[in-house]
Amino acid sequence: MKNKPIYVEILIEDNVERVWEASQNPTLHEQWDLRFSSITYLPKEENEAQLFEYKTKIGFGIAINGWGKSVGTLHSKNDSRTSSLHFGSDHYLSPIKEGKGYWKYIPEQSNTKFFTQYDYEVQFGTPGKLLDRIAIRPLMGWATALSFDVLKRWIEKGDAPSGQYIRFFTHWIITFLFFFVWIYQGLVPKLIMMHPEEVALTNALLPLKPSDTNNMVAAIGVIEIIFGLIWILYQNKTRLLRLQLVILPLLTISAIFADTSVLSHPFNPITFNLSLIVLTIIGLLAGKDIPTARSCKRVR
């Protein structure tokens, strides 16, 4: 089964010339496009296609290098523009071998409909095709859509791409951190280990029979796991962060009330929960007006 080409469309509230400059000028382009770390135009003669080289850093000091060719066309009838692209990479780690596509700019009153469609061949044979279907192609589509929204916010609001990406990645790092913390706290010390300290603290707050205390600890563990899963599944992270600003102080006070000796423990409720509270506040500040791939149309 042949994969569908990647298609991304967004409406930008500015004229075609502004959008064209931000996407065709390599110095500007590399600032907002998440798929490229740097883009370098090569010298060319008049009326020839623009050749360029790109680099994508993937971490650990490794970067994938590639090549490209772009041809821009102006349609004088309605002032729309098209940029045809031919790209590829010979790098041994690049999942993309060679591809083609286009960017199109269509004026709509004082706005610009900016969209792209592209497809490519993959490396590594059948395993490469399978990896592309499962991970690479969805990731490329998502990265393209996110980048388009970053461009839109930059042009419309003057919100610099670097600041947008700092907020975006801070937001998601904190999201996955809280996902891990709540899952771990519910699963390991409560459900798997049934740690004596968890049992003792619960019994101090709610004097119950030993079997009932263990059941209560397990129930709390299940609730924490569910809350951890909600961090991934629920879209409105601001509500979760605000809820944590209530839950974490209550948990801290409850632990101290149950047993004041916990204050002498390493990574005790004061130091541990205070760190989580600070991260929650950072999450609230960083999570304001972050870019999202959901703002783009993904089907032609």
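Modeller: A residue is called buried under 20% relative accessible area, exposed over 50% and partly exposed in between, taking a 1.4 Å probe and the protein chains only. The model discussed here is predicted, with local features needing pLDDT of at least 70 and side-chain atom pairs pLDDT 80 or more, whereas totals for chains, interfaces and linings use all residues. Residues are numbered from 1 along each chain as its sequence is written, and side-chain values use heavy atoms, leaving out hydrogens and water.

Biologist: What volume does the largest pocket have?

Modeller: A pocket is an open set of points on a 1 Å grid over the protein atoms alone, where a 1.4 Å probe fits and protein lies on both sides within 12 Å along at least five of seven lines (a cavity is a set from which the probe cannot get out). Points are joined across faces, edges and corners, and the space filled by probe spheres set on them is the volume, which for the largest pocket comes to about 1,100 Å³.

Biologist: Which residues that line the largest pocket are the closest to its centre?

Modeller: Lining residues have an atom within 4 Å of a point, and by class this lining has 22 nonpolar, eight polar and four charged residues (Ala, Val, Leu, Ile, Met, Phe, Trp, Tyr, Cys and Pro being nonpolar, Asp, Glu, Lys and Arg charged, and the others, Gly among them, polar). Of the 34 residues in the lining, those closest to the centre are Gln-185, Lys-190, Glu-198, Leu-201 and Glu-224.

Biologist: Which helix gives the most to the lining of the largest pocket?

Modeller: Helices (H or I, at least four residues) and strands (E, at least two) are DSSP runs numbered from the N terminus. Among those supplying at least two lining residues are H5 (196–205), H6 (210–233) and H7 (237–258). The leading contributor, with seven residues, is H4.

Biologist: Which helix gives the most to the lining of the second largest pocket?

Modeller: This pocket, of about 830 Å³, is lined by 32 residues, and Arg-35, Phe-36, Thr-56, Ile-96 and Met-140 lie nearest its centre. Its lining has 23 nonpolar, seven polar and two charged residues. Strands E2 to E6 each supply at least two of the lining residues, as do helices H1 and H3, and the element that gives the most, with six residues, is H3.

Biologist: Which side chain makes a polar contact of 3.0 Å with Ser-83?

Modeller: Ser-83 is found in strand E5 and counts as buried because its relative accessibility is 0%. A polar contact is a pair of N or O atoms within 3.5 Å, one able to donate a hydrogen and the other to accept it within protein, and residues adjacent in sequence count only if both atoms are side-chain atoms. The side chain of Ser-83 has one such contact of 3.3 Å with that of Gln-24, while its partner at 3.0 Å is Ser-70.

Biologist: How many aromatic pairs does a search of the whole structure find?

Modeller: Rings of Phe, Tyr and Trp (its six-membered ring) pair if their centres lie within 6.5 Å, planes under 30 degrees apart being stacked, over 60 edge-to-face and the rest tilted. Six of the aromatic residues, Trp-20, Trp-32, Trp-103, Tyr-105, Phe-114 and Phe-148, form one cluster. For aromatic pairs, the search of the whole structure finds 19.

Biologist: What kind of aromatic pair do Trp-172 and Phe-176 form?

Modeller: Their centres are 6.0 Å apart, with 40 degrees between the planes, and the pair is therefore tilted. Trp-172 is partly exposed at 27% relative accessible area, and Phe-176 is partly exposed at 45%. The kind of pair is tilted.
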